[in-house]
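Biologist: I am new to this one, and I would like to know the reasoning behind the labels. Could you show me the model and take my questions?

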Amino acid sequence: MTAPDSAASAASPAHSSNRAALTLGALGVVFGDIGTSPLYALQATLDPRYRLATSVTDLYGVVSLIFWLFVFVVTVKYVFIVMRCDNKGEGGSLALYALIHRQLGENAPKRWLLTGALFATALFFADAMLTPAISVISAVEGLGVVSSAFKPWIVWIALAILIGLFAIQSRGTEKVGRLFGPIMLVYFSTIAAMGVHHIIQHPAVLMALNPLYMVSYFQAHPLFSFLSLGAIVYAITGTEALYADMGHFGRVPITTAWLAICVPALMANYMGQAAMLIEHPEFADNPFFHMVPPSLTIPLLIIATLATIIASQAVISGAFSVTQQAIQLGFLPRLRILHTSSHAQGQIYVPAINWALAFMVAVLVIGFQASAAMLPAYGLAVVGTMLITTLMQYIVVFRIWRAPLWQSIPGFVTFVAVDSVLLASGLAKLFEGAWFPIFIGLIIFTVMTTWATGRSLMRTSMLEDSLPLGVFIKSVATTVKRVQGTAVFLSASTHALPAALLHNLKHNQVLHEKIVLLTVQVEDVPQVSPERRAEFHPEGHGFYRMVLHYGFMEDIDIPRELSAACTGTDLTFEPLHTSYFLSRQKLIACRAIPGMALWREHLFAWMLKVSESAMDFFKLPTNRVIELGSQLRI
């Protein structure tokens with residue numbers, strides 16, 4: 001979905017109503033993560049390791065930093081610049097990479113661009129493990145404010161909620177998802193009211209918006225102020241969701257939700273926490289839940305827990321979408337993807353990813369025991385992704401938009417400097433947990449690059465042993481016995497013969513009356529228009545070359561597209577008279593042949609073995625598929 005057109009919406013009441021619905025939907029999906037940051041962000045800065053006090057200088061300085069991070073990082077960078085770098089309405093690291101690759105082609109930066117996009121994607125998966133664990137356990141920790149008797153049970157209650165959340169993913173969230181927006185609206189209204197209540201009691205806290213308080217904060221204790229940036233950054237976790245989820249809601253609804261609802265509510269709550277702590281420094285152990293009287297702690301706990309569940313659901317669904325993009329673009333092996341809605345294309349469920357995330361979330365909750373212990377790991381994943389996004393966005397600004405240097409250089413220097421400082425502060429906690437997203441990111445990055453490189457080497461090896469179609473038709477097609485029916489051979493190349501065709505001829509010594517050499521190509525766009533879906537090229541003697549084009553956000557359904565594409569041709573794809581031939585390679589890792597390191601060849605061979613079959617992935621009829629295997633060395 002592309003961003004709604006502002007002119008059209010102004011003229012159409014129905015469109016305005018739709019925009020309001022999208023804005024409410026964005027509130028429930030896009031802003032769950034950043035919206036629940038008040039549960040732990042300000043509290044994290046008061047950790048004894050930073051040696052900050054509940055004084056005007058320190059609290060006003062922290063609130064001022066949060067506000068100006070909202071202004072420069074979230075609003076200016078993401079809302080006004082990054083979200084304009086959309087790929088046909090879609091956002092995210094892989095969509096941005098595809099946009100740059102499509103626009104610049106061979107002139108695009110080679111190694112670092114792909115490396116950056118893949119590592120940002122890997123960090124997103126690390127974030128998808130950390131967000132549910134931190135969000136839910138930080139809400140459940142409110143029980144410790146109610147009574148200390150609950151403290152031994154906090155981890156197990158949080159774990160039960162999270163396991164239940166992952167267990168229901170296969171059923172989809174279409175129905176319950178309609179409640180996300182209203183619940184988050186109640187949540188934002190609640191935290192805003194809590195903040196306003198304490199601001200009224202200490203109105204001087206409004207002065208914290210003055211950037212001079214940031215200067216005073218760093219002058220008071222330069223080293224510990226710098227280290228505390230690694231905790232202050234928790235206030236902007238979830239910012240990348242503004243860009244990644246743009247395809248679902250559009251740029252205007254997300255911008256409206258951020259500026260009209262989220263910023264006022266979040267800043268009111270942060271200033272309210274600071275105002276309360278100046279009056280009651282003894283509440284520093286959990287300022288969010290101490291903002292309300294004891295009689296309202298349980299209702300607040302329920303609202304906050306629901307908000308954190310929604311934030312967790314949003315990042316889990318995002319992981320499914322990113323997985324689908326990575327598979328279509330050739331960076332992950334085929335995985336089983338199930339649709340949980342009959343009419344909403346974005347409602348998907350990837351079992352392998354779901355249970356891998358569930359396992360890692362359980363390990364994090366049991367291993368770290370508390371949200372404060374997990375937070376050092378959280379911030380680094382977020383800032384690392386932000387820095388990569390900044391570098392990639394300015395390829396668009398400099399080389400695609402061709403913006404004047406006098407306009408773009410100051411912003412580029414400012415954003416890179418801010419991201420780099422935040423990253424350096426996070427790295428200072430490398431041995432306190434910040435190693436986790438780096439470790440997970442490197443593993444996922446290795447998997448993605450190994451799969452992409454292995455596929456490239458495998459295709460090169462197969463092409464070296466293949467024959468051009470024209471030569472094959474002249475030498476073989478007119479002399480071999482032909483049988484009735486249509487045979488569809490899937491081919492990775494649009495020029496050479498697929499290995500399955502040669503193996504079928506070798507073993508069965510016949511050819512079908514009609515032979516279609518089919519190639520599926522995934523483009524650098526989210527969706528491909530129906531008129532561009534199929535290319536059809538008759539090659540003579542009953543041979544046809546066909547190419548199906550898909551976007552990286554689309555599902556591939558070969559039988560459906562073949563039925564639509566044969567209209568107006570002499571081809572028919574009758575289910576009982578059409579056979580599908582697939583090549584299935586068994587990779588033999590070999591030290592003697594140059595390619596990848598031997599351990600990576602073994603990894604690629606394992607991924608090739610466990611990947612979902614092309615029959616299921618392309619939705620081919622199970623009773624009409626013939627797989628022909630071969631061994632291959634790369």
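Modeller: Gladly! This is a predicted model. Let me start with contacts: of those in the protein chain between residues at least 6 apart in sequence, 82% join residues at least 24 apart.

Biologist: What makes the protein chain as compact as a globular protein of its length?

Modeller: First, some background: the chain has 27 helices and eight strands. Its radius of gyration is 27 Å, and the globule rule gives 26 Å for 634 residues; the two values are close, so the chain is as compact as a globular protein of that length.

Biologist: And how much of the protein chain is buried?

Modeller: Buried residues make up 56% of the 634, where buried means under 20% relative accessible area.

Biologist: Why is glutamine 509 called exposed?

Modeller: The cut-off for exposed is over 50%. Glutamine 509 has 57% relative accessibility, so it counts as exposed. You will find glutamine 509 in the loop between helix 24 (499-508) and strand 4 (510-522).

Biologist: Then why is lysine 619 called partly exposed?

Modeller: Partly exposed lies between 20% and 50%. Lysine 619 has a relative accessible area of 37%, so it is partly exposed. Lysine 619 is in the loop between helix 27 (614-617) and strand 8 (625-632).

Biologist: What is the phi of each of these two residues?

Modeller: Most residues other than glycine have a negative phi. Glutamine 509, however, has a positive phi of about 55°, and phi of lysine 619 is near 60°, also positive.

Biologist: How confident is the predictor in the protein chain?

Modeller: The mean pLDDT is 85, and 93% of residues reach 70 or more. Over residues 1-14, though, the pLDDT is below 50.

How values were computed. Residues are numbered from 1 along each chain as its sequence is written. This is a predicted model: local features need pLDDT of at least 70, side-chain atom pairs count only at pLDDT 80 or more; totals for chains, interfaces and linings use all residues. Side-chain values use heavy atoms; hydrogens and water are left out. Helices (H or I, at least four residues) and strands (E, at least two) are DSSP runs, numbered from the N terminus. The radius of gyration is taken over C-alpha atoms; the globule rule is 2.2 Å times the number of residues to the power 0.38. Buried means under 20% relative accessible area, exposed over 50%, partly exposed in between (1.4 Å probe, protein chains only). Contact means heavy atoms within 4.5 Å. pLDDT is the predictor's confidence in each residue, from 0 to 100.
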